[in-house]
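Welcome, and please open the model in your viewer. We will go from one selection to the next and see what is there.

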Amino acid sequence: MNMAFAGRKDVVLSRDSIHRHRRTAFWIFVSIAFLIALAVYATLSGTSSYSLSELYRLAYAKLLGVELTREDERLANVLLQLRLPRVLLAIFAGAILSLSGAAMQGLLRNPLVSPYTLGLSPAAAFGAALAILVAQTNGTSVGITISLSAIAFSLACSLIVLGLASAKSMNITVLILLGTALTAIFSALTSGLQYIANDEALAAITRWTFGSVNEARWTHVGVLAATILVITPYFQLKAGQVNSLAFAGDDTAKSLGVNVNLLRISLIFLAVSGSSLVVSFIGVVGFVGLVAPHIARLIVGSDHRFLFPFSMVTGGGLLLLADTVGRMILPPRVIPVGIVVALVGAPLFIYLILRKRNTL
């Protein structure tokens, strides 16, 4: 009798698992389809709107090597050099920020953690601002210096936060408070640089503080695409270990053979590096790394094997949607994407804090 009951129970569990996997696959398919549709719409829409037939004609001419008319050349310049890099940069940047946020929330076992709340994004923004100011003062080209400076300060910030928390055996709440304090410090330092900067440097630094994809370049797109190709397989490979750490804690994860310290250091290093690159290209976009993983978690659950890839789709879609809204709401003005995302993310952040009030 007991064996028969156990057998029926296993069948029920198997059916439930199959149902969850089918549901997850369905939502992933729907989300990717929505993201593709939104990308096409964002590419064709703007101050000058174009139709799908014009896009098809341009693609057909490019593939066959047909000589373009003057009108088609103008169309190609707008779509291929201005809008398409912007769309892809928003998608890739949102994907990296969201993946980083999902990983940090799982590794540190707190839903309020993200590259922004730990002070990493403001630190990267200060590094970028410092590189801009030094380049303007010396009359040299900024180039890759912005990215290197952003990564260096972001990594330094992460070492300070995680090092203090580890040395003092602090809980996650204090970790977030440390991040908040460092956010204030680096924001003040960035404001100080703005105060002493000339007009040209001030305009460039201000763009980083707002967060914008207005300066999208194919180079930026290529770097972020390569970053995704490098870090995503490793995150996916370690998703099962993140599950055991996030759901059961350090001690249980260690008993299952997980090298907790190595897991945390490696994934946080990759998350910080990826987020820093994003900030060096588009500036501070505060809440994507916090909001997008929660949206994904509500739909596909907390299993990081599915949460990581779905968070990337959600983050890319959220940032692209915010940029599209920012371009459409007050044409021809473009509202920076960081402002639009903050208007959505801040209320959710407040909600999460209030929901966690009993444990803080």
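Select glutamate 215 to begin: with 36% relative accessibility, this residue is partly exposed, a class between buried (under 20% relative accessible area) and exposed (over 50%), using a 1.4 Å probe and protein chains only. Add arginine 217, also partly exposed at a relative accessible area of 44%. Glutamate 215 and arginine 217 form a salt bridge, their closest N and O atoms lying 3.5 Å apart; the term asks for a side-chain nitrogen of Lys or Arg within 4 Å of a carboxyl oxygen of Asp or Glu. The structure holds 5 salt bridges.

A word on what you are viewing: this is a predicted model, where local features need pLDDT of at least 70 and side-chain atom pairs count only at pLDDT 80 or more, while totals for chains, interfaces and linings use all residues. Residues are numbered from 1 along each chain as its sequence is written, and side-chain values use heavy atoms, leaving out hydrogens and water.

Next, select aspartate 323 and arginine 86, whose side chains meet in a salt bridge at 2.8 Å, N to O. Aspartate 323 sits in helix α13 and arginine 86 in helix α3 (residues 70-108), so this pair ties together parts 237 residues apart in sequence. Helices here are DSSP runs (H or I, at least four residues), numbered from the N terminus. Are aspartate 323 and arginine 86 buried or exposed? Both are buried.

Keep aspartate 323 selected and add arginine 327, its salt-bridge partner at 3.8 Å, N to O. Both lie in helix α13, 4 residues apart, about one turn of the helix. Shared partners join Arg86, Asp323 and Arg327 into one network of salt bridges.

Now for the aromatic rings. Rings of Phe, Tyr and Trp (its six-membered ring) pair when their centres lie within 6.5 Å; planes under 30 degrees apart are stacked, over 60 edge-to-face and the rest tilted. By this rule there are 5 aromatic pairs. Select phenylalanine 126 and phenylalanine 186: their ring centres are 5.9 Å apart and their planes at 45 degrees, so the pair is tilted. Phenylalanine 126 belongs to helix α4 (residues 120-138) and phenylalanine 186 to helix α6 (residues 172-196), 60 residues apart. Both are buried. Add Phe153, and you have a cluster of Phe126, Phe153 and Phe186 linked by ring pairs.

Last stop: phenylalanine 235 and phenylalanine 308, with centres 5.8 Å apart and planes at 85 degrees, so this pair is edge-to-face.

Key: Helix = DSSP H or I, 4+ residues; strand = E, 2+ residues; numbered from the N terminus.
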